[in-house]
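Here is a friendly tour of a few spots worth finding for yourself. Keep the viewer open as you read.

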Amino acid sequence: MTGGEVAAAITRAHREEWARVVATLTGRFGDLDTAEEAAAEAFATAVERWPVDGVPPRPGAWLTTTAQRKAIDRIRREARRAEKHREALMLSDTPEPTGTARPTGALDDDRLRLLFTCCHPALAVAARIALTLRMVGGLTVAEIARAFLVQETAMSRRITRAKEKIKVAGIPYRVPSREDLPARLSGVLAVLYLVFNEGYLSSEPGQEAVRGDLTAEAIRLTRLVRALLPEDGEVAGLLALMLLTEARRPARVSADGELVPLDRQDRRAWDRDLIAEGHALVRARLASGLPPGRYQLLAAVNAVHTDARDARHTDWSQIVELYDQLVRLDPSPIVRLNRAIAVAELDGPQVALAQVDGLPLDGYHAFHATRADLLRRLGRSGEARAAYDRAIALAGNAAETAYLTRRRDDLPAGP
Amino acid sequence: MQYLLSVIFDAPGLATPDEDVAIDVFNDRLRAEGRWVFAGGLGTPETATVIDNRGGAAIVTDGPFVESKEFLAGFWIIEAPDLDVALALAADGSKACNRKVEVRPFL
């Protein structure tokens, strides 16, 4: 095996096995910190040994076994320091056999426990995101810090504090009870969707508009959740939503760094494979006949968009109908704003503007951008200009600012 | 594990009779389920006295150690296997006493 092949095997093992190693060790030792460090040491050992000894036949089992030995060494070292040698001696030298002894079944998967622990509602949202990317995603602290434009030391503190709270406050390492599962799962999905959205349109002015690293990571983690909970409609819905959004990424920013709205995108640049996979997921959910949740409805909206040959062929009545269902589930102003955008295509900008005005979204750039566009279409240039100004002042991202600025400057002079 | 459930309130005043009944029901349940360690209501912050004997001579100060809009009105100490159980009980406790509740683990 060449050096390149070994390096590729290590990268693949990291992508496929990191979460399982951390999750298994957390299950055995009851401590995220120990699990994380031992997993990192095991991968470092792989980087040292595999080029010499060759890639083991079952890399995952090798990594888990190695990490367990590292964890036991570490606990012994600490125990000696703390003079609690007796306890440490009770730890078995033989790592638990991996992949065979435990009863299988998705709900029993340690990776699911790990996800629910990292996304526990008693942790701040920023901590949930960081912890999930580190523990389940296997991103380094430096990578996470870069992704969220935070100093590495600050990100490290955030993760350490979260682990400390989990340990001291007794956040359980457990899949929630059946009655709590839907609410807790929607908390996990919300974290994954936040990661995806931060990648899809960064809220930070200094960041690239679209960052494939974060969207890809969010999709990978959502695929993992789907593999663990294949029957759940909202998990499938979120995956479909991400795939259908990601498919449009190549057309989303113009060559000169300006955000391109959906109706102006070059649809030939869309990723057909991702669209096909997303559509298949949406169709499967429709065929199930079960009432769709929020992510399934948003996925269906995106399926309608990606189904249309060009913007003019979009089935707007179906989109409005889907938003009607969404408003019944979630009557929040943002959902009503998005519904109004579809209404503008169906019933005209006047009707839509009446629905947009008065929504309590004054601090949200998309609210002002939507108003600006509707006012522009109604020929009310002066008011449109003022709305663009508000949107530009509130928009976080340079690509979005560039687009809004050009639209504003394209307005005809006059009121 | 043991958790301190602090009852947080922003105005002095005793629990209403309805709240008292609900708190009694909740306390009985804590005892029945083996979660009860201790609980009590506290006098207002104005009734507090701070004493500092670090310097050898005890200095007595009238009033609470920290002035704030919100204060500790009472507390429960409960026994629970993990934070999920503690949070579920705190949610019921908050409803019973009609106040915010902070959950904090004992070390």
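Over residues 26–98 of chain B the chain is 30% helix and 32% strand, and the C-alpha atoms at the two ends lie 12 Å apart. Helices (H or I, at least four residues) and strands (E, at least two) are DSSP runs, numbered from the N terminus. UniProt, in an unreviewed entry, lists residues 26–98 of chain B as "domain: YCII-related"; its positions are given here in the numbering used for this model, feature names are shortened, and annotations may be inferred rather than shown by experiment.

This is a predicted model, in which local features need pLDDT of at least 70, side-chain atom pairs count only at pLDDT 80 or more, and totals for chains, interfaces and linings use all residues. Residues are numbered from 1 along each chain as its sequence is written, chains are lettered from A and ligands numbered from 1 in the order in which they are written, and side-chain values use heavy atoms, leaving out hydrogens and water.

Now look at B:N98, in the loop between α2 (83–97) and β6 (100–105) of chain B. B:N98 is not a glycine, yet has a positive phi of about 60°. Most residues other than glycine have a negative phi.

Two residues of chain A come next. Buried means under 20% relative accessible area, exposed over 50%, partly exposed in between (1.4 Å probe, protein chains only).

| Residue | Helix | Relative accessible area |
|---|---|---|
| A:A352 | α16 (residues 349–356) | 0%, buried |
| A:R74 | α3 (residues 59–81) | 10%, buried |

Leaving aside neighbours within four places in sequence, A:R74 is in contact (heavy atoms within 4.5 Å) with A:D33, A:T34 and A:E37.
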